[in-house]
Amino acid sequence: MELVLPFDDSVRPLPFYLAEEEWLAARFPGRDFFFIWQVEPTVIIGRNQLLASEVNVPFCRENGIRLVRRRSGGGAVLADMNNVMFSYITSSSSVVTTFSAYTSMVARSLRQLGLDASDNSRNDILIGDRKVSGNSYYHSPGRSIVHGTMLYDYDAALMTGALTPPQVKLQSHGVTSIRSRVTTIREHLPELSLDEFKAHVLATIPDGGEPMRLTADDVKEIEEIEQRYYAPGWLEGKDPRGTLVNKARIDGVGTVAVHLTVNRGVIREICVSGDYFETSDANAAISDALTGTAYDHRAIVGTLDAIGVHRLIAGLTSESLASLIV
């Protein structure tokens, strides 16, 4: 796994680093990469999340916090200069094995600092029983990207003001607030500076070969990809109009919400959102398949089986989604 170094010391907008991941994945097939980055305060939400449900947009506007939607699944996070972001690019088609390889590497690096670090069954890295890193996944043909947070420190007021996770998500973790669920590197190792922590990560996660440094020409190509994240309508995302809304936390999947309109016993419109991980545009596939299907548990299961919903969203079964819909 090769370490990628920046062209210069500039702190760029968050979409640049997402574009850098896409550029590396497409430009160098078959090669694995890792790099770290930091940004000015930015809330980044998952591909399938509803902005107004996850983020206090007025608070962010008032406090100069930028808003970005990424192409990967997962939940909303606040990134700032106290928070080191990690990016991992590899050749893989499996959400589970990609996460396992990545989170085990990161947890091992933290344990080398003497921390009680572990990677859980989905996408978090814990110190003790509290979250220090959350990660998300993006798939392109033959390639997988994992990126996520590493909380060296954080501004509790800024985080709790900017993020508004559904209560069902907090309850699934047995907590009542974001603050009670997270921890930081600094809390456990106050003598370790941020620069020292970053140096440790770069010395223990990449393989140690000759690093690759971006060039000015590379930056120009990445900036072209970056513009996709500023496209009109991309940040706002879906605006589901369903008359019925069902939401639940599904073990091994995440928070899933279904907005649907049913008329005369038939599904007329359906939209699926949440912080799950997908290998393709699951909402489009599910919507196309279920529109026109009878609003009946057995009929819905049959339709979801036919499109292989378990291959679209990691960990999801036809039975569990049908039960949520009906």
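How many nonpolar, polar and charged residues are in the lining of the second largest pocket? I looked that up before anything else and got 15 nonpolar, two polar and six charged. For the classes, Ala, Val, Leu, Ile, Met, Phe, Trp, Tyr, Cys and Pro count as nonpolar, Asp, Glu, Lys and Arg as charged, and the others, Gly among them, as polar.

**Ground rules**

I'm working on a predicted model, where local features need pLDDT of at least 70 and side-chain atom pairs count only at pLDDT 80 or more, while totals for chains, interfaces and linings use all residues. Residues are numbered from 1 along each chain as its sequence is written, and side-chain values use heavy atoms, with hydrogens and water left out.

**Entry: the pocket**

I noted a volume of about 470 Å³ for the second largest pocket. Its lining has 23 residues, and Pro-6, Asp-8, Ser-10, Ile-36 and Trp-37 lie nearest the centre. E1, H1, E2 and H9 are the elements that give two or more residues to that lining. My labels are DSSP runs numbered from the N terminus: helices (H or I, at least four residues) and strands (E, at least two).

For the pocket search I use a 1 Å grid over the protein atoms alone: a cavity is a set of points where a 1.4 Å probe fits but cannot get out, a pocket is an open set with protein on both sides within 12 Å along at least five of seven lines, and lining residues have an atom within 4 Å of a point. Grid points are joined across faces, edges and corners, and a volume is the space filled by probe spheres set on the points.

**Entry: strand E2**

Ile-36 and Trp-37 made me look at E2. All five of its residues, 33-37, are buried, so the strand is largely enclosed by the rest of the structure. Here buried means under 20% relative accessible area, exposed over 50%, and partly exposed in between (1.4 Å probe, protein chains only). Phe-33, Phe-35 and Trp-37 point one way, Phe-34 and Ile-36 the other way.

Which strands does E2 pair with? I found E1 (residues 2-5), parallel to E2 and joined to it by two bridges, and E6 (residues 83-90), antiparallel over five bridges. I count a pair if DSSP finds at least two bridges between the strands. On the E1 side, Glu-2 has Phe-33 as its bridge partner; on the E6 side, Phe-34 stands opposite Tyr-88.

E1, helix H1 (residues 14-27) and E2 make a β-α-β unit, and I logged it as right-handed. That is, with the strands pointing away from the viewer, the path from the first strand over the helix to the second runs clockwise.

**Entry: salt bridges**

I get 12 salt bridges, taking a side-chain nitrogen of Lys or Arg within 4 Å of a carboxyl oxygen of Asp or Glu. I looked up a few of them.

- Glu-22 and Arg-228 meet at 3.2 Å, N to O. They are 206 residues apart, with Glu-22 in helix H1 and Arg-228 in the loop between helix H10 (216-226) and strand E12 (244-250). Glu-22 is buried at 11%, while Arg-228 is partly exposed at 44%.
- Arg-181 and Asp-124 meet at 2.6 Å, N to O. Arg-181 is in helix H7 (residues 178-181) and Asp-124 in strand E8 (residues 124-127), so the pair ties together parts 57 residues apart in sequence. I have Arg-181 as buried at 14% and Asp-124 as buried at 5%.
- Lys-198 and Asp-195 have their closest N and O atoms 3.8 Å apart. Both are in helix H9 (residues 194-204), three residues apart, which is about one helical turn. Lys-198 is buried at 19%, but Asp-195 is exposed at 55%.
- Asp-8, Arg-12 and Glu-223 are linked in a network.

**Entry: the cavity**

How many cavities of 30 Å³ or more does the structure hold? I found one, with about 40 Å³ of space in it. Among its lining residues I spotted Glu-22 again, along with Leu-18, Glu-21, Arg-71 and Tyr-229. H1 and strand E10 (143-151) are the elements giving two or more residues, and H1 has the largest share, three residues. By class I wrote down four nonpolar, two polar and four charged.
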